[in-house]
Amino acid sequence: MKSDMGIFAIRNKENGKCWLATSQNLKGAINSALFKLNFGNFPVRDLQREWKALGANRFSVDILETLKYGKDETKTDYSEELAILRMIWEERLAGEGTTFYGSGT
């Protein structure tokens with residue numbers, strides 16, 4: 001059984017600001033991000049600071065889109081497809097006025 005892959009967002013419900021991440025293992029990546037945020041060692045300092053100040057209940061974790069695996073069973077690296085997916089979602093969300101953690105936008 002292959003893990004779900006795709007893109008997810010951690011979004012501040014107060015100001016709409018979000019952090020995006022892609023992964024070939026969405027569940028694992030989400031669990032890792034939440035673990036780091038809850039224990040104060042998330043690498044994006046502005047997100048970590050707001051998480052600590054506001055509390056976890058002021059944030060949502062949303063899977064924005066999942067990617068399907070290709071028919072070629074030998075393919076294991078989907079990093080290019082995930083990078084494109086991230087660019088698409090960054091552009092879409094920025095067009096809606098979303099600002100992002102750790103990017104200066």
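## Aromatic contacts, strand pairing and a surface patch

The charged end of arginine 92 lies over the ring of tryptophan 89, at 4.2 Å from the ring centre. This and everything below refers to a predicted model.

### Aromatic pairs

A pair of aromatic rings is described by how far apart the centres are and by the angle of the planes. The count of aromatic pairs in this model is five. Two of the pairs, including their geometry, are set out here.

| Pair | Centre to centre | Angle between planes | Class |
|---|---|---|---|
| Phenylalanine 8 and tryptophan 19 | 6.0 Å | 75 degrees | edge-to-face |
| Tryptophan 51 and phenylalanine 59 | 5.0 Å | 40 degrees | tilted |

The tryptophan 51 pair is classed as tilted because its planes stand at 40 degrees, and planes count as stacked under 30 degrees and as edge-to-face over 60. Tryptophan 51 and phenylalanine 59 are both buried.

The pair of phenylalanine 8 and tryptophan 19 connects distant parts of the chain: phenylalanine 8 belongs to strand β1 (residues 5–12) and tryptophan 19 to strand β2 (residues 18–23), 11 residues apart. Phenylalanine 8 is buried, as is tryptophan 19. Through ring pairs, Phe8 and Trp19 are joined with Phe42 in a cluster.

### Strand β1 and its partners

Strand β1 has eight residues, of which seven are buried, so the rest of the structure largely encloses this strand.

Strand β1 pairs with both β2 and β3. With β2, the strand runs antiparallel and is joined by six bridges. With strand β3 (residues 59–67), the pairing is again in the antiparallel sense, over eight bridges. Isoleucine 7 has a counterpart in each neighbour: threonine 22 stands opposite isoleucine 7 in β2, and glutamate 65 is the bridge partner of isoleucine 7 in β3.

Strands β1 and β2 also make up a hairpin, with five residues between the two strands. In the turn, glycine 16 has a positive phi of about 80 degrees.

### Nonpolar surface patch

Ile84, Met87 and Ile88 make a nonpolar surface patch of about 280 Å². One of these residues, isoleucine 84, is located in helix α3 (residues 79–95). The relative accessible area of isoleucine 84 is 41%, so this residue is partly exposed. That value also fits the patch, because patches are made of residues with over 30% relative accessible area.

Terms used
Residues are numbered from 1 along each chain as its sequence is written. This is a predicted model: local features need pLDDT of at least 70, side-chain atom pairs count only at pLDDT 80 or more; totals for chains, interfaces and linings use all residues. Side-chain values use heavy atoms; hydrogens and water are left out. Rings of Phe, Tyr and Trp (its six-membered ring) pair if their centres lie within 6.5 Å; planes under 30 degrees apart count as stacked, over 60 as edge-to-face and the rest as tilted. Helices (H or I, at least four residues) and strands (E, at least two) are DSSP runs, numbered from the N terminus. Buried means under 20% relative accessible area, exposed over 50%, partly exposed in between (1.4 Å probe, protein chains only). A charge sits over a ring if NZ of Lys or CZ of Arg is within 6 Å of the ring centre and within 35 degrees of the ring normal. Two strands pair if DSSP finds at least two bridges between them. Patches are made of residues with over 30% relative accessible area and no salt bridge: like charges are joined within 9 Å, nonpolar side chains (Val, Leu, Ile, Met, Phe, Trp, Tyr) within 5 Å. Accessible areas come from the Shrake-Rupley method with a 1.4 Å probe; for residues, only the protein chains shown count as cover. A salt bridge is a side-chain nitrogen of Lys or Arg within 4 Å of a carboxyl oxygen of Asp or Glu.
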